[in-house]
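Q: I have this model open and would like to go through it slowly. Could you walk me through the main parts?

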Amino acid sequence: MILNSIEDLRQEARRRVPRAIFDYADRGSYDEVTFHRNLADLAALQLRQRVMVDVSRQELATTVLGEKWTIPVGIGPTGLTGLFHANGEMLGARAAQAFGVPFCLSTMSICSIEDVAGFVGKPFWFQLYLMRDRGFNEELLNRALAANCSAIMLTVDMPVQGLRRRDPKNGLSIPPRLTLRNSFEIAMRPAWALKVLTGRRRTFGNLEARMKNTGGLKTLAEWIAQQFDPTVTWKDLAWLRERWPRKILIKGILDPEDARLAAEHGVDALVVSNHGGRQLDGARSTISALPGIAEAVAGRCEVLFDGGVRSGQDVLKALALGARACLIGKAFLYALAARGEAGVTLALEIMRKELAVSLALTGANDVTRVTRDVLVPR
């Protein structure tokens, strides 16, 4: 089968992994209003076709936080990645680095910081939640420093966990267990089951020592409620800065006022994100929030974008509205579940080709110089 779109990879992933795992990536919280807005609002933006412009030489590379990216697309942090494909974080990091784009490892990853560091040859990013036990956070930061991570991405839009209705209905558990509810799904996917069950890990590698007797999803949600710190405020950035000497990104910005505060508190970059529509349902889409946020920071920090990015056209639209680059989460997981490491490479290549063609047909030549001129004015 020829796979030449992210949707093709999504459909292949649906066939290859159990429903509980697929829905964890594919869906949103509550009634999924914000999840659908992310996609619909991106689709509603119209690109402005231009002709009779020399587009024979194009530049798709960019620089973010002093790092050269071959295309303005990186892989954002995703939890449970190693359940979509055995050793998924390790394979995803290697594919990203071979392609020349960054990979960010989630705190809630299956493979540990050390697993990934021992598998790849270049620095990667690490995503962090602030816990009630700051001593544990310091341990994670020290492990990230030892692994030569070049940046920390602090996720701030999850002081409490949004209700994801599909997960408990699907019987999602960590590690996967055979139940009457999911036995048929697992039995129909023996290749997935064999690989995952024989992979490096099946539970949260970074949290293993802290999660003894966690059990299934309900107790995992309870564990998150007990561990994640709901008292976090802007002053906690100073705590992080004292302990992390390298780049800091803050992820989960959806309001211009929060963007201004982030810039004032000296973050190196922010990520416009609503957690993929998996937290506050009814919130605005990320693409509708992006222009106001880019204007609010006024170049004081770099602006990255995620939420609904599934094509090179989506990337171009985000660049036009003020993003320096995009991060992919769901699209990455689809690709990984569909074809493993090769699937991740394919997804990045699909986006590269789509971006190149769309850039040319809007009469543009350089991703670092894209403006709102490539969009049809509203």
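A: Let us begin with the vocabulary: helices (H or I, at least four residues) and strands (E, at least two) are DSSP runs, numbered from the N terminus. With that in hand, L304 can be placed in strand β9. This is a predicted model, in which local features need pLDDT of at least 70 and side-chain atom pairs count only at pLDDT 80 or more, while totals for chains, interfaces and linings use all residues. Residues are numbered from 1 along each chain as its sequence is written, and side-chain values use heavy atoms, with hydrogens and water left out.

Q: Okay, is L304 buried or exposed?
A: L304 is buried, with a relative accessible area of 0%, where buried means under 20% relative accessible area, exposed means over 50%, and partly exposed lies in between (1.4 Å probe, protein chains only).

Q: And which residues is L304 in contact with?
A: Once neighbours within four places in sequence are left aside, the contacts of L304 include V64, W125, L249 and L270, and also V271, V272, R324 and A325; contact here means heavy atoms within 4.5 Å.

Q: In what order do the strands of the sheet come?
A: Eight strands form an open sheet, in the order β3-β10-β9-β8-β7-β6-β5-β4, and the pairing is parallel. Two strands are said to pair if DSSP finds at least two bridges between them.

Q: Which strands stand at the edges?
A: Those are β3 (73–75) and β4 (104–105), each with a single partner strand, so one side of each is left without a neighbour in the sheet. For β4, two bridges join this strand to β5 (residues 125–128) in the parallel sense, and C104 has W125 in β5 as its bridge partner.

Q: What about a helix that packs on the sheet, and which strands does that helix touch?
A: Helix α12 (residues 236–243) packs on the sheet and touches β5, β6 and β7 (247–253), and its direction makes about 160° with that of β6. For such values, axes are lines fitted to C-alpha atoms, for helices over the stretch in contact, and angles run from 0 to 180 degrees between N-to-C directions.

Q: Let's move inwards along the sheet, then. How many residues of β7 are buried?
A: Six of the seven residues in β7 are buried, so the strand is mostly covered. Five bridges join β7 to β6 in the parallel sense, with K251 in β7 as the bridge partner of T155. Four bridges join β7 to β8 (residues 269–272), again parallel, and I253 has V272 in β8 as its bridge partner.

Q: And how are the faces of β8 covered?
A: Both faces of β8 are covered, with A269 and V271 buried on one side and L270 and V272 buried on the other. As a general point, in a regular strand the side chains alternate between the two faces of the sheet. Within β8, V271 has K251 standing opposite, and V271 also stands opposite L304 in β9. The pairing of β8 with β9 is parallel and runs over four bridges.

Q: Which helices come between these strands?
A: β7, α13 and β8 make a right-handed β-α-β unit, and β8, α14 and β9 make a right-handed one as well. A crossover is right-handed if, with the strands pointing away from the viewer, the path from the first strand over the helix to the second runs clockwise.

Q: At what angle do α13 and α14 pack?
A: Helix α13 (residues 256–264) and α14 pack at an angle of about 35°, and their axes are 8 Å apart. In this contact P256, A259, R260 and A263 of α13 meet G292, I293, A296 and V297 of α14.

Q: New topic: which residue in the loop after α14 has a positive phi?
A: That is A298, with a phi near 50° although the residue is not glycine, in the loop between α14 (286–297) and β9 (302–305). In general, most residues other than glycine have a negative phi. A298 is exposed, at a relative accessible area of 58%.

Q: And what is the phi of N148?
A: The phi of N148 is near 65°, also a positive value in a residue other than glycine. N148 lies in the loop between α7 (134–146) and β6 (151–155), and is partly exposed at 41% relative accessibility.
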